[in-house]
Amino acid sequence: MKEKLIDYWMNRGLVKDDNIIKAFKEIPREDFVLDEYRSQAYIDIALPIIEGQTISQPSTIMIMTQALEPKKTDKILEIGSGSGYQSALLSKLCKKIYTIERIPSVAEFARQNLKKSKIKNVEVIEADGTLGYKKGSPYDKIIVTAASPKIPKKLLEQLKEEGTIVIPVGSSLSCEMIKAKKFRGKLKKESLGHFSFVPLIGKEGYD
Ligand code: SAH
């Protein structure tokens with residue numbers, strides 16, 4: 001089942017970096033879903049976790065990971081830890097990941113899942129991620145895994161010059177995945193298509 005997904009991505013040219021495929025092979029997605037969904041871990045769908053939140057669809061995670069162009073030296077900020085799976089993948093591709101989760105029990109869920117894979121370079125922080133995380137800034141890349149009404153100002157501030165942000169902008173059911181690079185303090189944007197995500201809730205997000 002895992003191989004089928006990999007073939008699908010390679011055939012469609014959706015993932016171009018072999019290291020991303022390697023990371024996908026290494027991280028057991030079944031350890032990041034609820035026990036009752038373990039058998040569905042490699043079906044290309046989003047799955048419910050706790051507190052009405054979700055682990056994103058594998059293809060969506062791959063598109064976002066590829067868009068980030070992860071490098072071994074990168075320091076990354078993720079907003080929306082959820083299951084911890086996205087940060088687990090990035091942990092294999094980058095130097096350090098700070099991931100922010102607003103719901104404390106979900107943050108704990110992510111921590112426990114990451115522990116199973118003995119991942120040490122991911123820090124899960126309970127906070128409103130729409131304000132970023134100043135302590136770890138500036139970041140080489142920022143990834144937001146919840147639908148945001150706009151690109152939060154603080155995230156732009158905490159991104160390095162020539163850094164990349166990948167963020168779904170718009171409503172929960174239909175948001176546009178934006179990949180943007182920061183040049184002279186301004187963002188140069190491109191669209192990666194439409195997706196659905198749970199909403200980003202916070203000061204610079206939805207109410
Ligand atoms: N990246 C996750 C999927 C995240 S689902 C994974 O790999 O499984 C989106 C998550 O964003 C949810 O857990 C939700 O609680 C969280 N979230 C929503 N608004 C947030 C905010 N302002 N700050 C931090 N986390 C937020």
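**Exercise 1. Place the ligand.** In this predicted model, state which pocket corresponds to the space taken by the ligand, and describe that pocket.

*Solution.*
- The ligand takes up the space of the largest pocket.
- Its volume is about 400 Å³.
- The lining of the largest pocket counts 31 residues. Nearest the centre lie G80, E101, T145, A146 and V198.
- By class, this lining has 14 nonpolar, 13 polar and four charged residues.
- β2, α3 (58–68), β3, α4 and β4 each give the lining at least two residues.

**Exercise 2. Describe the shell.** Find how many residues surround the ligand, and sort them by class.

*Solution.*
- The ligand is surrounded by 26 residues. The closest are S83, E101, D128, G129 and I201.
- Eleven of the shell residues are nonpolar, eleven polar and four charged.
- At least two shell residues come from each of β2 (54–55), β3 (75–79), α4 (85–93) and β4 (96–101).

**Exercise 3. Trace backbone contacts.** Give the distances from backbone N or O atoms of G80, G129 and I201 to ligand nitrogen, then state the coverage of the ligand.

*Solution.*
- For G80, the distance is 3.0 Å.
- For G129, it is 2.8 Å.
- For I201, it is 2.7 Å.
- The protein covers 99% of the 580 Å² of accessible area that the ligand has on its own.

**Exercise 4. Turn to the second largest pocket.** Give its volume, lining and residue classes.

*Solution.*
- The volume of the second largest pocket is about 160 Å³.
- Its lining consists of A46, T54, S56, Q57, T60, S172, S196, F197 and V198.
- Three of these residues are nonpolar, six are polar and none is charged.

Conventions: Residues are numbered from 1 along each chain as its sequence is written. This is a predicted model: local features need pLDDT of at least 70, side-chain atom pairs count only at pLDDT 80 or more; totals for chains, interfaces and linings use all residues. Side-chain values use heavy atoms; hydrogens and water are left out. A residue is near a molecule or strand if one of its heavy atoms lies within 4 Å of it. A polar contact is a pair of N or O atoms within 3.5 Å; within protein, one must be able to donate a hydrogen and the other to accept it, and residues adjacent in sequence count only if both atoms are side-chain atoms. Accessible areas come from the Shrake-Rupley method with a 1.4 Å probe; for residues, only the protein chains shown count as cover. On a 1 Å grid over the protein atoms alone, a cavity is a set of points where a 1.4 Å probe fits but cannot get out, and a pocket is an open set with protein on both sides within 12 Å along at least five of seven lines; lining residues have an atom within 4 Å of a point. A molecule sits in a cavity or pocket if more than half of its atoms lie within 2 Å of its grid points. Helices (H or I, at least four residues) and strands (E, at least two) are DSSP runs, numbered from the N terminus. Ala, Val, Leu, Ile, Met, Phe, Trp, Tyr, Cys and Pro count as nonpolar, Asp, Glu, Lys and Arg as charged, and the others, Gly among them, as polar. Grid points are joined across faces, edges and corners, and a volume is the space filled by probe spheres set on the points.
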